[in-house]
Amino acid sequence: MVDSNFSQHNIKLIFKLRTRIIQVKNNFKNGFESLICELCHADEEDQLHLLNCETLLNQCEDLYNDVSVEYGDLFSTTTKQLQPVKLFEKILKVREKLRED
């Protein structure tokens, strides 16, 4: 994938998301007693859940306002991958900040 719209970090994040090695409980089931999201306590924590987690929705303005991003776009053409990968960057930053608090 060579596209000037993607930073090196974007490319690495797309790889991690597509191969499901982002640090979410459902990607590493053996390391956790419970797979329930620590932030909302409502659903299992998987990559798709990060787009729907109520706690993240309330804390990440881009996630709350951007209903056009589809998780499946990560597995589509490079044109469609840019928007979700940028959103996931923001989500992961907000999630990390919430976990530190």
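**Helix α1 and an aromatic cluster**

F75 is partly exposed in this predicted model, with a relative accessible area of 34%.

Me: Y71 pairs with F75, so what is the geometry of that aromatic pair?
Reply: Two things describe a pair of aromatic rings, namely how far apart the centres are and the angle of the planes. For Y71 and F75 the centres are 5.7 Å apart and the planes make 65°. Over 60 degrees counts as edge-to-face, so the Y71 and F75 pair is edge-to-face.

Me: And which aromatic pair links distant parts of the chain?
Reply: Y71 sits in the loop between α4 (61-65) and α5, while F88 is in helix α5, 17 residues apart. Their rings are edge-to-face too, at 6.3 Å centre to centre with 65° between the planes. The linking pair is Y71 and F88.

Me: Is F88 buried or exposed?
Reply: Buried means under 20% relative accessible area. F88 comes in at 0%, so F88 counts as buried.

Me: Which residues form the aromatic cluster?
Reply: There are two aromatic pairs to work with. Y71 pairs with F75, and Y71 also pairs with F88. That gives one cluster of Y71, F75 and F88.

Me: Over to helix α1 (residues 8-18): how wide an arc do its buried residues cover?
Reply: The buried ones are N10, L13, I14 and L17. They sit on the same side of α1, because around the axis they cover an arc of only 105°.

Me: Which exposed residues are on the face turned away from that buried side?
Reply: The buried side of α1 is covered by elements including α2 (47-52) and α5 (78-100). The face turned away from it carries the exposed residues Q8, K12 and F15.

Methods
Residues are numbered from 1 along each chain as its sequence is written. This is a predicted model: local features need pLDDT of at least 70, side-chain atom pairs count only at pLDDT 80 or more; totals for chains, interfaces and linings use all residues. Side-chain values use heavy atoms; hydrogens and water are left out. Buried means under 20% relative accessible area, exposed over 50%, partly exposed in between (1.4 Å probe, protein chains only). Helices (H or I, at least four residues) and strands (E, at least two) are DSSP runs, numbered from the N terminus. The arc is that of the directions from the helix axis to the C-beta atoms. Contact means heavy atoms within 4.5 Å. Rings of Phe, Tyr and Trp (its six-membered ring) pair if their centres lie within 6.5 Å; planes under 30 degrees apart count as stacked, over 60 as edge-to-face and the rest as tilted.
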